[in-house]
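Trainee: Can we go through this one together? I'd like to start with the empty spaces.

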Amino acid sequence: MSQFNSSIALSQFDAVLFDLDGVITATAKVHADCWKRIFDGFLKQRAEETDEPFQPFDIQNDYKLYVDGKMRYVGVQSFLESRGIQLAYGEPSAPPGYDTVCALGNFKDVFFNEVLQAKGIEVYEGSLALIRHLSDRGFKLAVVSSSHHCKAVLKVAGIEHFFAAVVDGNLVDELHLAGKPAPDAFLLGAKQLGVEPKRTIVFEDAISGVQAGHDGGFGLVVGVDRKGDPEALQKNGADIVVQDLSELLG
Ligand SMILES: O=P(O)(O)OC[C@H]1O[C@@H](O)[C@H](O)[C@@H](O)[C@@H]1O
C-alpha cells in the first residue's frame, strides 16, 4: 500500500484539491499586505471624518478571521461588519476608492497587480514536490481558489499543466456559487475531476477554507499552517495540520 506518510494511506484517495494562495504559492502574504494597505487608508480617512481613534487593520487577527480565503467583496463586507461599519455595496465596475465595498475591493486589486508585477510569484518548494509526487502516481489534481488571479498565477509559476481542473473566483462569480466558507467551489472541483468527495483530499491554509472542506464532506482536510496558529485550523475543520506540504512526502 502506498503511504502518504505513516498515517495516511494514499489508496483511500483518488484526487487532491489544492487552495492556491498560501498553499501552493506564497501569494497569501501579498494579498494580506495589500488588504492592510487599503483598509488602513480607509480606516484613517474614516477616523478623521468621525473623530474616532484609528484602529489599524491587523493581519494576524482581521485578515485571518474575516478576509483570508473569501471572495474579494465578501472579505470586504465581512471585515467592515466586524468593525460595525456600514458601507454601500456599489457596483463591481466601480473605480478604485473608499466609498463602496466594491470600490475598496477594486482598490486593493490595483495594489495586488502592482506588487505581483514587481515581486513575481514564489512557489513553495514543498508544495511543488508533493504535487509532482501525486501527479506521477496518477492522482487527479485541481486548484480551488477564490482569487480571480488564480489562473494567471498558475501560468506565471509554470505549474498549470499539473491540474485537470481549476475553480477560481471568476468561475464562482459566473456560476453564482457561494464562495468559501461554503463548500460549493470545492464540490465543483471534485465534480469536474469526476471524483467522490469522500475519496478526495483538500489542502487549505485559511480558516474559511478548512470550514469549506469540512462541510463538503471531503475524505481528508489538511490544514496548512503558514500563520503559526495550527489550533485555529484544527478547530475549524482540519483533520490534520502541517507546516509545509513536504511533511507528507514521508
Ligand atoms: O481579489 P482576488 O484576487 O480575486 O482574491 C480574492 C481572495 O482570494 C483568496 O485566495 C485570498 O485568500 C484573499 O486574500 C483574496 O481576497
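Trainee: So how many cavities of 30 Å³ or more does the structure hold?

Mentor: There are 2. A cavity is a set of points on a 1 Å grid over the protein atoms alone where a 1.4 Å probe fits but can't get out. Bear in mind that this is a predicted model, with local features needing pLDDT of at least 70 and side-chain atom pairs 80 or more, while totals for chains, interfaces and linings use all residues. Numbering runs from 1 along each chain, and side-chain values use heavy atoms, without hydrogens or water.

Trainee: What's the volume of the largest cavity?

Mentor: About 250 Å³, counted as the space filled by probe spheres set on the points. Its lining has 24 residues (an atom within 4 Å of a point), and D21, H31, K70, S146 and S147 lie nearest the centre.

Trainee: And where does the ligand sit?

Mentor: In that largest cavity, meaning more than half of its atoms lie within 2 Å of the grid points.

Trainee: Which residues are closest to the ligand?

Mentor: D21, Y63, R72, S147 and H148, out of 13 that surround it (a heavy atom within 4 Å).

Trainee: Which side chains make polar contacts with ligand oxygens?

Mentor: Among them are R72 at 2.7 Å, S147 at 2.7 Å and W35 at 3.0 Å. The cut-off for such N or O pairs is 3.5 Å. The protein covers 99% of the 390 Å² of accessible area that the ligand has on its own (Shrake-Rupley, 1.4 Å probe).

Definitions and conventions:
Polar contact = N/O pair within 3.5 Å; in protein donor to acceptor, adjacent residues only side chain to side chain. 1 Å grid on protein atoms, 1.4 Å probe; cavity = no way out; pocket = protein on both sides within 12 Å on 5 of 7 lines; lining within 4 Å.
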